[in-house]
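I sat down today to look up how the strands in this chain pair with each other. Here are my notes, in the order I took them.

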Amino acid sequence: QVKLVESGGGLVQAGGSLRLSCAASGSINSSNIMGWYRQAPGKQRELVATITSGGTTNYADSVKGRFTISRDNAKNTVYLQMNSLKAEDTAVYLCNAYTVKGFTGINYWGKGALVTVSS
């Protein structure tokens, strides 16, 4: 069983920074894609950023240039450095890991970390 645990959320003023971490434990395929999604109240879940085990990254247009995703494969941990935060970044940020077992894709999700940006 794979478990994802996020940390680092909190309250920050607009223009400030926060760093989220997500540690994966359990039996997870070393070839995987880890990422961050977010869900604001009354809105659908949306992609923030992803990173492959080889280091290829992908970002939502709304966070490009402000957020940086990185990972430490030895620790099975993914990070999200968030700079120049805006009120519209307020959301629950969920860690995701996607891997393939046999011919089946599997998504794992953390419980989420709340990020609140005050304007």
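The entries below go through the strand pairings.

**Entry 1, a caution.** I am working from a predicted model, so I read every pairing here as part of that prediction.

**Entry 2, E4 and E9.** I began with strand E4, residues 32-39. I found it running antiparallel to strand E9, residues 91-101, with eight bridges joining the two. To get my bearings I looked up Asn32, and it stands opposite Thr99 in E9.

**Entry 3, E4 and E5.** Which strand do six bridges join to E4? I traced them to strand E5, residues 46-52, and this pair is antiparallel. Trp36 was my marker here, and its bridge partner in E5 is Ala49. I also checked the connection: E4 and E5 make a hairpin, and six residues lie between them. In that turn I noted Gly42, whose phi is positive at about 75 degrees.

**Entry 4, the four-stranded sheet.** Next I turned to an open sheet of four strands, which I wrote down in the order E1-E3-E8-E7, with antiparallel pairing. Which strands form its edges? They are E1 (3-7) and E7 (67-72), each of which pairs on one side only. From one strand to the next, the twist averages 15 degrees.

**Entry 5, E7 and E8.** Last, I followed edge strand E7 to its pairing with strand E8, residues 77-82. Six bridges link E7 and E8 in the antiparallel sense. My marker for this pair is Thr68, with Gln81 as its bridge partner in E8.

Terms used:
Residues are numbered from 1 along each chain as its sequence is written. This is a predicted model: local features need pLDDT of at least 70, side-chain atom pairs count only at pLDDT 80 or more; totals for chains, interfaces and linings use all residues. Side-chain values use heavy atoms; hydrogens and water are left out. Two strands pair if DSSP finds at least two bridges between them. Axes are lines fitted to C-alpha atoms, for helices over the stretch in contact, and angles run from 0 to 180 degrees between N-to-C directions.
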